[in-house]
There are 2 protein chains.
Amino acid sequence: MSVLVVGSVAFDDIASPSGSVKNILGGAATYFALAASYFTDVRVVGVVGGDFGPDQEKVFHQHGIDIRGIERAKGQTFRWGGTYADNLNEAKTDYTDLNVFETFHPQIPSEYEDTDFLFLANIQPTLQANVRRKMKGVRLTGCDTMNYWINRTPKELAETLRLVDLLLINDTEAKMLAGVTNLPRAAQKVLAMGPQALVIKHGEYGATIFFREGAFGIGHHPFRAPALPIEEVKDPTGAGDSFAGGFMGYLASQEELNREVLKRALFYGGVMGSFAVEQFGTERLQSLSREEIDARFQIFRELTHLE
Amino acid sequence: MSVLVVGSVAFDDIASPSGSVKNILGGAATYFALAASYFTDVRVVGVVGGDFGPDQEKVFHQHGIDIRGIERAKGQTFRWGGTYADNLNEAKTDYTDLNVFETFHPQIPSEYEDTDFLFLANIQPTLQANVRRKMKGVRLTGCDTMNYWINRTPKELAETLRLVDLLLINDTEAKMLAGVTNLPRAAQKVLAMGPQALVIKHGEYGATIFFREGAFGIGHHPFRAPALPIEEVKDPTGAGDSFAGGFMGYLASQEELNREVLKRALFYGGVMGSFAVEQFGTERLQSLSREEIDARFQIFRELTHLE
């Protein structure tokens, strides 16, 4: 089956204690698409400027990613610069030049109308809702958001949350969205806003999926996947989007959506996130094989598996 | 087999968003002993004052805990008052009255000399080292410490770490002890200081055990156990000591120390910590049954188990 991601394509300048890179291909949709491409057919809707050329196209094409939905606009592509300090948990944004992304209005090519799985990366909630409404045939919609939208556009975000099946956010975002500090309580409040399931990402501690009672016909006990202790995190950029790509990509590769499949998807999300941070930008995601991915999946499994 | 804990017995005043209690039985050795008592024979070395009477003795005796090693000194028992704010991660200490604990010099009754497992709760490192040296016959020694000793008595602590098999501390303490912020690197540095294995507790995210190469003859891959998402943490006091009690108690109940046993011990640690925080003080730990403990162990297992 196929998965469509709607989100940013960007050029990034990134510095961390492990070094620095300039003008590399980034953006949420890019990380998501590369991670998902190891599992299923991937389609992208985004916008780029005249600085996006054959070198960038090649990255997508080499992974069989359909980029007919990437609009070419006049001007420059979205550009972001960030610096990570020692703890690597949060980037200091050096600059954000939205450029062509500022007036992005996602257009869905007619060839994409038969898409099975939809992922709404972190963009303005009303744009997310509009895309969701256009894609009437999708089986499952996943969604990301961030503190900026939680604080600035709560009404619009609430509307979007009523339209999606799965929300993938981190601890801080979940607590902020719910207005409570206890994690399982925050999860219950967020689930009451609409989604069937909520994936809360805990960074180096893994992720937990919480379900609404009866969601997907599989009950409501939460499930937790670990993250791998990694000795050198070179660049955390895109870890969350890579997680989402592994998670949604694996779901799209499966015939049935049952509890075991969702559990494995959570593990594959962690696996793809763990690869992403090993090199700067999308470098590691570009060079993987499915064998390497499955070998790491086994390491993740061993990490918490009791006989 | 038997486990001996050396540490504080105290009276606590505790306030949290869920309520408050005054003058309740607490202390690291108390939490540890109660948690371990569901698995194995437990012995305690500590010190109390004249305010420790039959009501307190009964709590230990009802769980078959041997308190012949609790010294009765002139004066008052150690008293601590703490308040937890909304996030519950850290207590604000309202007061600490060391009282008889200030001059505590652990004496090991001759009846305790055949003890198999030793746990050195969080006390001054030189006292820990002295106890370890006296207990020549123990099979395995576990140890706790805290920021105060890491900062104030690094030399004494280094000496203690050379004498113990297992260290159980939290993320902040591990990073501070190692002087590095990356968790697996911090673990490697701490292991180089002496212990065969290091358990790092991540609070609501579970715990990871790291091994020295060849430790206990079981290789060196880390293992991670989850924590249960708990909707109402009433009182986090003693969670770490209850974790240690479940962990060491389970180890002491097993014939052999292999990888699978250590993995299960890590899960049982989390289980006992999760019970401890459900009620104020040791209330929940006093009223458990082994069936309830094993039922929760299964919930912990299901939480991360892939078929």
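Colleague: How much area is buried between chain A and chain B, and what share do carbon and sulfur atoms give?

Modeller: This is a predicted model, where local features need pLDDT of at least 70, side-chain atom pairs count only at pLDDT 80 or more, and totals for chains, interfaces and linings use all residues. Residues are numbered from 1 along each chain as written, chains are lettered from A in the order written, and side-chain values use heavy atoms, without hydrogens and water. Buried area is the accessible area (1.4 Å probe) that two parts lose on being put together, summed over both. Between chain A and chain B the area is about 3300 Å², with carbon and sulfur atoms giving 53%.

Colleague: Nice! Which three residues supply the most of the area that chain A buries against chain B?

Modeller: The contact (heavy atoms within 4.5 Å) takes 34 residues from chain A and 34 residues from chain B. One trio supplies 25% of what chain A buries, more than any other three residues: A:Tyr205, A:Arg224 and A:Leu306.

Colleague: And which residue forms a salt bridge with B:Lys175?

Modeller: A salt bridge here is a side-chain nitrogen of Lys or Arg within 4 Å of a carboxyl oxygen of Asp or Glu. The rule finds 2 across this interface. For B:Lys175, the closest N and O atoms are 3.8 Å apart, and the partner is A:Glu204.

Colleague: Which element gives the most to the side of chain A that touches chain B?

Modeller: Elements are DSSP runs: helices (H or I, at least four residues) and strands (E, at least two), numbered from the N terminus. Those giving two or more residues include α6 (171-178) and β13 (223-225) of chain A. With 5 residues, the top contributor is α11(A).
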